[in-house]
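Q: I am new to this structure. Please take a close look at a single part of it and walk me through what is there.

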Amino acid sequence: MDHIMPIGTTDSYDPSNQVPDRVTGAYSLKRQGSDHEEQHTKVTDVEILSASELIDSAHYDPPLQDECRIGHNAFVRGCISHRYGDGPALYVDLERDAVTLSEDEIEISVDIDSIIWTTKVFRCQGSVGVYVVPPFQTKPGIYKHNHTYVEITIPQSEEDANAPGGRTEWLSKRFPMSAIPHVCMGRISSASSTLNLYIAFPRMIHQHPTNGRRITLMPKEVLDIFWDRVLLPSIGQCTDVSWAPYLKHTLEEARYKARGADGRRSGWGPPKTIPLSDDDFWDVQKRMKARIRDGGPELSMFGSSFFILEGKGIKLLTKDGQRGRFSGPEEALRRNLSDLDWQYMLSRSHGELLVDVGISFTPHSPKVPLVGVWRLDALEASFGAGGYKRGEIHHHNTLSRYGALQAEMQQERSQQTHIAFRSTYNLYYESIRTNSNQVNFASDSDAYKLSPSYMAECAEIAKVVEGCKKKTYGVRD
């Protein structure tokens with residue numbers, strides 16, 4: 001825990017002091033070297049309120065379509081409404097509503113939220129479902145940085161290869177996994193989870209000639225070549241003759257049989273899969289490499305490929321060992337994902353396995369629901385003591401002292417601690433979080449015009465938030 005969640009604050013740190021002295025006026029006006037008595041300023045144009053006092057200041061909650069001047073002043077303009085005009089500006093101090101809890105009144109829960117495994121040779125205990133046609137995709141499977149890196153060997157230039165002395169060393173460069181062109185070629189499915197299997201092609205790493213961004217979405221024409229000349233023929237060579245009637249030996253045949261009743265080709269849904277055992281898929285991998293090696297320049301772009309296994313959303317499979325059924329999250333992960341060869345995956349000689357370990361802190365409050373928030377000053381001190389990079393702060397609404405923080409660990413320290421990334425956030429985000437984790441709300445133009453779609457969206461989210469008022473939300477690291 002000294003590396004994961006170190007305490008960076010000093011013994012004199014007062015967590016309840018979250019209002020700056022520029023608001024309270026509790027700072028001295030005494031000049032340095034002066035013998036005069038200390039003088040303080042009195043701030044009269046700011047009123048400090050707690051969150052509950054801010055809500056009470058609105059007096060009433062009108063229907064959504066009705067205007068509320070007092071609420072508009074308090075929550076939008078940030079000032080108190082008086083009969084003869086605007087009052088002083090508001091400053092919200094959440095600490096006034098804080099509930100003091102002992103350590104015994106906070107439940108600590110540990111789980112494994114996701115896994116990422118990178119390997120040159122994929123092995124497992126069960127079977128792998130391989131897609132018979134390339135999946136339809138508008139963006140790469142790993143479309144944003146997942147804080148995972150791959151060391152890519154850079155080939156020698158002609159100048160180095162022909163230099164006197166016979167130089168043979170090759171350099172390597174660290175690439176984010178999301179910057180390498182890849183495609184989802186199959187999955188490992190069970191009743192409780194689905195793990196996506198990607199194949200990445202580092203020889204295709206390139207940038208857009210105009211904006212310089214990495215291009216990782218593979219063109220349909222390139223995927224067709226890989227499926228038609230590499231993957232499907234390799235599968236056909238590894239199966240028994242009794243499989244022949246059920247296999248698709250060409251991509252045209254597979255797409256023809258995938259058409260719907262109206263004759264159109266299947267679109268957004270996942271393609272049909274061929275189940276292959278571990279030994280069969282190992283044989284497929286060897287034949288794929290042989291075909292790429294013998295395919296000449298046309299297939300050389302698929303060389304040096306490697307596999308990425310990604311499993312997301314497995315938090316509840318492992319949370320606290322499924323409430324004591326197993327000894328801990330690790331055993332729950334092994335037992336629930338028994339199709340994976342964990343001994344093989346844990347060996348560094350076969351690849352690298354990254355595990356997302358989550359720790360939740362939830363208060364026990366039988367009388368009233370509570371909402372926990374992270375203090376940003378304590379988080380920044382903790383991240384700094386742990387050797388993390390500067391990171392990215394996410395302020396919640398207009399609160400300057402509360403929010404979330406994400407940061408990668410410095411590369412040299414990461415090699416010693418085996419920690420790649422740390423993310424802290426408040427669990428009340430789960431109240432409105434979508435399954436895709438993508439923001440989907442009405443447009444700004446609809447909000448400006450108060451269009452019916454905007455009002456309907458507001459009414460719908462108000463119902464969701466109303467139902468969450470009885471829940472207790474903690475924080476997560």
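**Strand β15 and its partners, then the aromatic rings**

A: In this predicted model, strand β15 pairs with strand β16 (residues 475-476). The two run antiparallel and share two bridges. One contact can be named: Asn 426 has Val 475 of β16 as its bridge partner.

Strand β15 also pairs with β14, which covers residues 403-408. That pairing is antiparallel too, with four bridges. Here Leu 405 is matched with Thr 424 of β15.

How enclosed is strand β15? The strand spans residues 421-426, and five of its six residues are buried, so the rest of the structure largely encloses it.

Now the aromatic rings. The model holds twelve aromatic pairs. One of them joins Phe 122 and Phe 281. Their ring centres are 5.9 Å apart, and the planes meet at 80°, an edge-to-face arrangement. This pair links distant parts of the chain, 159 residues apart. Phe 122 lies in the loop between β4 (106-119) and β5 (127-131). Phe 281 belongs to helix α7, residues 278-294.

Are these two rings buried or exposed? Phe 122 has 1% relative accessibility, so Phe 122 counts as buried. Phe 281 is buried as well, with a relative accessible area of 1%. Both belong to one aromatic cluster, together with Trp 117, Phe 307 and Tyr 344.

Trp 282 has charged company. Arg 123 lies over the face of Trp 282, 4.0 Å from the ring centre. The charged end of Lys 286 also sits over the Trp 282 ring, at 4.7 Å from its centre.

Methods
Residues numbered from 1 in each chain as written. Predicted model: local features only at pLDDT ≥ 70, side-chain atom pairs only at ≥ 80, totals over all residues. Heavy atoms only, no water. Phe/Tyr/Trp six-rings, centres within 6.5 Å; stacked < 30°, edge-to-face > 60°. Buried < 20%, exposed > 50% of the residue type's maximum accessible area, 1.4 Å probe, protein only. Lys NZ or Arg CZ within 6 Å of the ring centre and 35° of its normal. Pairing = 2+ DSSP bridges.
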